[in-house]
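User: Please take a close look at one part of this structure, and describe in connected prose how the elements around it are arranged.

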Amino acid sequence: MRLIFILSLLLSSVSAYCFCGFYVAKADAKLFNESSQVVLVRDEDRTVVTMVNDFKGDIKEFALVVPVPSVLEKEQVHVAEKKDVERLDAYTSPRLVEYYDPDPCNTRIYEKDMLAMSANAPGSLGGMQNEKAKSLGVKIEAEYTVGEYDILILSAKESGGLVTWLKQNKYRIPDNAEKVLKSYINQNLKFFVAKVNLKEQSKTGFTYLRPIQIAYESSRFMLPIRLGTVNSKGPQDLIIMTLTRKGRVETTNYRTVKIPSGQNIPPYVKNDFGPVYKAIFAEQVRKEDMKAVFLEYAWDMSWCDPCAAEPLSADELKSLGVFWMDSETSEKTIPSNRFRPAPGGAVNAFATRLHVRYDAEKFPDDLMFQETTNKENFQGRYVLQQPFEGSVSCEAGKGYKEGLGRRQDQEAITLASLTGWPVNDIRKKIGRPGSEDDKPDDKKPNKWWKKLWDKDKK
Amino acid sequence: MADQKKSRIKIDPRFFQIVSLLTFVVFGLFVFEFDTTIEKAIVSIIGCLVTQAGFDCLFKRKKGNLMSALITGCSLTLLLRTNSLELTFLASVLAIAAKFVFAYSGKHLFNPANFAIVVLIFFNLAWVSPGQWGNSFYYMLLFLFLGGLTVWKSLRYDVALVFFLTFASLVIGRALFVGDPMTIPLHRLTSGSLLLFTFFMITDPRSTPNHPLGRYLFAMLVACFGWWGTAKLFRPDALFYALFIVSCGTWLIDFVLKSGFYKWDQPSVKTIVS
């Protein structure tokens with residue numbers, strides 16, 4: 001029995017790396033379990049969707065089913081390179097900035113570059129065979145091979161027929177999927193179904209399945225997530241990276257909330273950023289009752305500061321689906337400062353990174369988006385301030401040491417607030433005094449009442 | 001004795017609207033952290049007040065209308081998003097100026113805030129964020145309470161009711177037609193943005209028809225066009241455009257269904273013939 005996951009039941013892997021040569025840490029490979037990645041490129045009604053597949057099972061079992069607004073021609077389907085998505089993922093990931101305190105007796109300011117974490121996500125899986133569909137009200141509107149994928153575009157008159165056809169072709173369809181399919185059929189959506197062509201796949205030389213890209217024109221700017229919740233055993237994560245011409249993308253039927261950013265957190269996080277960000281994200285999800293979509297990055301692609309990865313070139317953006325690159329000339333001015341510009345000149349693209357944790361109950365409706373003219377830059381960014389570790393013998397140094405203790409306490413409190421972790425656990429990690437009980441006896445407050453009644457209890 | 005009547009303190013209905021809108025502005029800025037700033041809120045409100053005072057002086061109005069201008073400023077703060085203080089101020093000027101430029105029989109053709117929103121969106125100078133309130137149950141109760149109180153005092157609850165029932169019928173009808181579970185229309189109908197539009201945008205007595213039947217027709221048309229724009233054209237700003245388009249015909253409805261003139265200090269469902 002072949003298994004089919006429809007669109008968004010994916011595992012994730014995470015890596016953290018620094019492009020300035022400071023290797024810091026590699027976060028857990030499955031930092032965000034059950035997550036997926038999508039790149040959306042949009043301008044007016046034209047859309048290019050890139051769906052990442054990181055399927056790890058038998059590729060014969062792979063299949064992808066996506067509702068699409070129209071019958072897609074072969075030229076509207078493309079196989080992308082995984083590295084391009086990984087580049088955008090790394091570029092837009094939440095990041096750490098590390099600063100070093102100067103010698104308080106000899107003030108100079110140091111700044112180190114950043115750490116980044118990214119999540120790349122695998123894809124759906126399943127298997128497919130062609131079958132006589134007409135009697136079930138299923139019509140194969142188009143059939144072709146693109147790259148290592150055999151593609152079918154299906155239309156159906158009613159969901160029961162479509163489910164029957166899929167089951168007859170040995171797909172294990174969850175019972176609830178029929179209701180969702182019925183809704184899409186009644187909205188005149190078609191179904192893009194992809195399977196792996198083993199012969200073509202062996203020619204590619206790749207050991208993994210490459211992302212699938214589809215281009216179409218539709219006034220709908222949305223992502224169908226309902227199919228992905230049907231078979232899910234719990235909340236899933238979806239990371240949506242959009243590239244637009246005018247400005248930021250946001251959801252119109254759910255709140256888009258900025259992830260906390262700019263806070264100073266304890267330096268020990270440098271080696272622990274993966275679990276820390278996972279906890280930060282989980283805490284924000286909890287505070288919003290898992291009803292919000294979180295903004296992790298929104299920035300003009302012409303420049304970056306700090307840069308979590310090398311800026312993407314115009315060619316890389318074009319490979320991700322930015323179709324207006326050829327018609328745009330580099331008339332934009334690149335900021336003439338120390339911030340890193342995009343290679344090859346200015347690019348007219350704005351990147352937005354949205355991260356949502358969803359399930360069927362909290363997100364009953366598909367995600368609907370709009371492109372705004374909001375050009376305000378935002379990034380999920382956390383600051384490490386490394387203390388000066390040299391000897392401090394001047395008068396200013398005494399004040400620095402006292403202030404350092406207070407700052408470290410505040411950093412612990414901030415991290416506790418961001419993650420929901422007990423502040424004393426964090427204090428212990430950074431070697432700060434925690435609760436009153438952790439203090440040496442001569443530092444503990446005098447609990448005089450203990451003497452008052454202790455002898456009565458004996 | 002029988003002739004004595006208890007003196008009643010008459011409160012202008014706009015007072016309740018101002019209290020409600022200011023409450024929402026505070027929540028929006030400090031709890032929901034809208035994509036705007038305190039500076040833009042101040043510029044929006046002051047811009048409206050200054051423009052109103054200027055036009056009142058220009059048109060030699062004996063009685064200023066700063067309360068309405070304050071309402072417009074708060075509405076723009078809640079609804080309109082721009083990239084600059086200059087565009088925020090421009091929105092205020094456009095909103096207030098529209099009351100004087102597009103006026104007839106003592107009324108204005110367009111809801112002032114809505115006019116500015118549509119003009120700026122049309123020229124890609126601004127945007128609205130329909131999802132900014134989310135679907136929180138407790139805030140929905142707050143909207144219902146304050147919004148309901150406002151339209152009750154202004155005696156324009158009929159418009160709000162007709163609009164919402166029409167819109168809800170279309171949303172639920174569509175869900176039944178495509179086979180969506182009821183959680184989806186429920187999610188769409190409990191949007192904070194929709195509730196604010198229902199209570200504060202479409203109930204403006206100065207820019208809606210005078211006759212009750214005219215108002216019901218007005219509300220139904222806005223609901224229909226708004227639903228069409230949302231469900232078929234997938235425009236998140238469809239309701240604002242719908243209100244703008246239908247407002248263009250308000251003068252015709254008033255011409256056909258003649259009725260009296262709404263007075264803020266003597267609110268009436270049927271309107272008073274002055």
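Analyst: Helix H2 (residues 159-168) of chain A lies across E9, E10 and E12 of chain A, and its direction is at about 150 degrees to that of E10(A). This arrangement, like everything described here, is taken from a predicted model. The strands that H2 crosses belong to an open sheet of four strands in chain A, in the order E5-E12-E10-E9, with antiparallel pairing. At its edges are E5 and strand E9 (138-146) of chain A, each of which pairs on one side only, and neighbouring strands of this sheet are turned by 20 degrees against each other on average when direction is ignored.

Within the sheet, strand E12 (residues 190-196) of chain A is largely enclosed by the rest of the structure, because five of its seven residues are buried, where buried means under 20% relative accessible area. Strand E5 (residues 63-68) of chain A runs antiparallel to E12(A) and is joined to it by six bridges; A:Leu64, for instance, has A:Ala194 in E12(A) as its bridge partner. Strand E10 (residues 149-156) of chain A also pairs with E12(A) in the antiparallel sense, over six bridges, and here A:Ile153 has A:Phe192 of E12(A) as its bridge partner, while A:Asp150 stands opposite A:Lys195 in E12(A).

As for the setting of this part, the secondary structure of chain A comprises 10 helices and 25 strands, and 57% of its 458 residues are buried. Of the contacts in chain A with a separation of 6 or more, 82% are between residues 24 or more positions apart.

Note on methods: Residues are numbered from 1 along each chain as its sequence is written. Chains are lettered from A and ligands numbered from 1 in the order in which they are written. This is a predicted model: local features need pLDDT of at least 70, side-chain atom pairs count only at pLDDT 80 or more; totals for chains, interfaces and linings use all residues. Side-chain values use heavy atoms; hydrogens and water are left out. Helices (H or I, at least four residues) and strands (E, at least two) are DSSP runs, numbered from the N terminus. Buried means under 20% relative accessible area, exposed over 50%, partly exposed in between (1.4 Å probe, protein chains only). Contact means heavy atoms within 4.5 Å. Two strands pair if DSSP finds at least two bridges between them. Axes are lines fitted to C-alpha atoms, for helices over the stretch in contact, and angles run from 0 to 180 degrees between N-to-C directions.
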